[in-house]
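This briefing covers pockets, an open sheet, nonpolar cores and a cavity in one protein model. The model is predicted.

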Amino acid sequence: MATVTFWNNSDFKGMSDTFNGAQRKNYSTSQAWDSLTTGASTWLVVWDGHDYDGNYMKIDPNTGWYNDLKKAGRGSDGNWKNQIKAIMIYGNQPSWWGSSSTPPNNDLNLQPHDCVFCTGSEFNDDTAVYPANASDSDLGDNYFVTNPSVKLAGTIGSLATGSAAWLQIWNGTNYTGSTLRVYPSTKHPDLNKMPRLPDGDWKNQIQSFQLWNAIPDATWNLGFDENKFFGAFPDAVRLKDSSGPYYHYLTQDCGYDIRLNGVTYPDAYTMNLAFRVDYDLTGKNDKVTLDLLINLDGSFNSVTYEYTQGDAVQIPSSVIKAVDVSAEVLGAVGALETAGISEEAANSFIEAFDTFCKVFNKISNVLFKLSESNDGRFYMVPVCSHVLARALSAVTVAN
């Protein structure tokens with residue numbers, strides 16, 4: 001394990017600070033360090049500037065001759081006594097190490113199958129590196145190697161994965177609760193900025209995880225482009241309330257709140273997209289939930305909906321499954337192909353369109369009896385159809 005010890009006085013005397021394991025730290029003021037040693041498999045870089053800038057010095061493994069940092073030159077700015085503001089400790093030699101003309105960079109130097117968890121943002125402070133395959137159902141039972149007094153559960157502020165590491169995290173023990181999939185070569189330097197569906201963020205939320213050195217199953221090739229989805233709603237405004245973030249969408253002079261409540265994988269063959277659409281009518285909230293099930297190839301499988309009106313009217317819930325395209329409907333394919341749309345695309349369109357029509361007809365048939373057609377609550381039906389159509393367009397399938 002990488003290890004570094006700093007002393008406040010020269011000749012390795014006085015108070016000391018020891019760091020075990022690959023990690024990085026920065027300080028707002030210079031540390032009172034006057035001597036240091038590095039252990040085996042330890043590559044150390046120190047800076048005199050906050051955030052890893054300014055003058056730097058690379059120190060090799062098994063170095064024990066920095067007994068007086070006053071004698072170590074710091075460019076044209078003097079020496080290194082009491083001047084260190086940032087450190088990076090590596091357990092593997094970085095690729096740029098051997099070149100005197102190449103300055104250090106912020107590369108985490110992760111091995112391909114590794115993932116790293118850090119308490120601070122930007123991969124700072126206490127650090128834990130896991131090699132695949134690894135899993136932990138309760139991080140409350142484990143402590144950081146870099147600081148045995150700090151548990152991993154509820155303290156992780158940033159994370160990253162190696163080039164061949166597939167990571168899944170949960171905010172509950174035993175792989176329960178909200179979840180997030182992290183793909184290879186991914187960096188999340190500030191989990192406070194990573195949305196945790198249906199609400200909140202991922203900072204200090206991770207309680208369990210699983211890590212693989214190969215893609216776990218084919219559903220990992222399925223994804224959802226949230227920015228593309230919400231970007232398809234003209235002039236939608238991002239807002240937030242006690243239930244989490246949502247987008248306010250205005251159409252037909254009526255406003256609708258659209259939320260993505262979750263992206264989950266019920267089995268090894270499908271992805272589920274959970275949406276909620278709200279319309280507020282004179283203080284009475286109409287709410288529709290839509291669970292859109294997607295097949296491995298990105299095609300539509302089924303949609304489950306529930307519609308509750310603010311006046312306590314419950315429209316019967318239903319599941320609309322993908323339907324076979326009938327011979328009669330297939331007659332439209334030739335015309336679509338003439339317009340430059342392939343038969344495959346045409347069939348997918350017809351199948352989805354047929355399903356949306358079934359949803360529209362089934363809901364609106366009941367809804368029309370309960371409200372006038374110019375009521376904003378009637379427009380809820382096409383808005384939900386918009387959600388389904390734009391959600392399908394935002395599904396991604398890896399090659």
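The second largest pocket holds about 440 Å³ of space. Its lining is made up of 27 residues, and Gly-21, Ala-22, Gln-23, Thr-127 and Val-129 are the ones nearest its centre. The largest pocket, for its part, encloses about 700 Å³.

**Second largest pocket**

- Strands E3 (23-31), E7 (84-90), E8 (114-118) and E9 each supply at least two residues of the lining of the second largest pocket.
- Strand E9 gives the most to this lining, with 4 residues.
- Sorted by class, the lining of the second largest pocket consists of 17 nonpolar, 8 polar and 2 charged residues.

**Open sheet**

- Strands E8 and E9 also belong to an open sheet of 4 strands, in the order E9-E8-E13-E16, with antiparallel pairing.
- Strand E9 (127-131) and strand E16 (187-188) each have a single partner strand and stand at the edges, so one side of each is left without a neighbour in the sheet.
- Strand E13 (residues 158-161) runs antiparallel to E16 and is joined to it by 2 bridges.
- Ala-160 has Lys-187, in E16, as its bridge partner.

**Largest pocket**

- The lining of the largest pocket comprises 30 residues, with Leu-180, Arg-181, Leu-197, Phe-224 and Val-263 nearest its centre.
- Two or more lining residues come from each of strand E15 (176-182), strand E18 (222-224), helix H1 (226-231) and strand E21 (254-264).
- Strand E15 provides the largest share of this lining, 6 residues.
- By class, the largest pocket is lined by 15 nonpolar, 12 polar and 3 charged residues.

**Nonpolar cores**

- The largest nonpolar core has 35 residues, and those with the most contacts inside it are Phe-224, Phe-229, Leu-273, Phe-275, Leu-290 and Leu-292.
- Elements giving two or more residues to this core are E18, H1, strand E20 (244-251), E21, strand E22 (270-281), strand E23 (284-295), strand E24 (300-308) and helix H5 (380-393).
- Helix H5 gives the most to this core, with 7 residues.
- Apart from this core lies another, of 22 residues, which includes Leu-180, Ile-206, Phe-209 and Leu-211.
- Leu-180 thus appears both in this other core and among the residues nearest the centre of the largest pocket.
- Phe-224 is likewise listed near the centre of that pocket, and it ranks among the residues with the most contacts inside the largest core.

**Contacts of Phe-275**

- Leaving aside residues up to four places away in sequence, Phe-275 touches Phe-224, Phe-229, Arg-259, Leu-260, Val-288, Thr-289, Leu-290, Val-387 and Ala-391.
- Among these partners, Phe-224, Phe-229 and Leu-290 are, like Phe-275, residues with the most contacts inside the largest core.

**Cavity**

- A search of the whole structure finds 1 cavity of 30 Å³ or more.
- The space in the largest cavity is about 70 Å³.
- Pro-195, Leu-197, Glu-226, Phe-230, Arg-238, Pro-245, Tyr-246, Tyr-247, Ile-258, Arg-259 and Leu-260 line the largest cavity.
- At least two residues of this lining are supplied by each of H1, E20 and E21.
- The cavity lining has 8 nonpolar and 3 charged residues, and no polar ones.
- Leu-197 lines the cavity and is also one of the residues nearest the centre of the largest pocket.
- Arg-259 and Leu-260 line the cavity and are both touched by Phe-275.

Definitions and conventions: Residues numbered from 1 in each chain as written. Predicted model: local features only at pLDDT ≥ 70, side-chain atom pairs only at ≥ 80, totals over all residues. Heavy atoms only, no water. Pairing = 2+ DSSP bridges. 1 Å grid on protein atoms, 1.4 Å probe; cavity = no way out; pocket = protein on both sides within 12 Å on 5 of 7 lines; lining within 4 Å. Points joined across faces, edges and corners; volume = space filled by probe spheres on them. Nonpolar A, V, L, I, M, F, W, Y, C, P; charged D, E, K, R; others polar. Core = buried A, V, L, I, M, F, W, Y, C linked by side-chain atoms within 4.5 Å. Buried < 20%, exposed > 50% of the residue type's maximum accessible area, 1.4 Å probe, protein only. Contact = heavy atoms within 4.5 Å.
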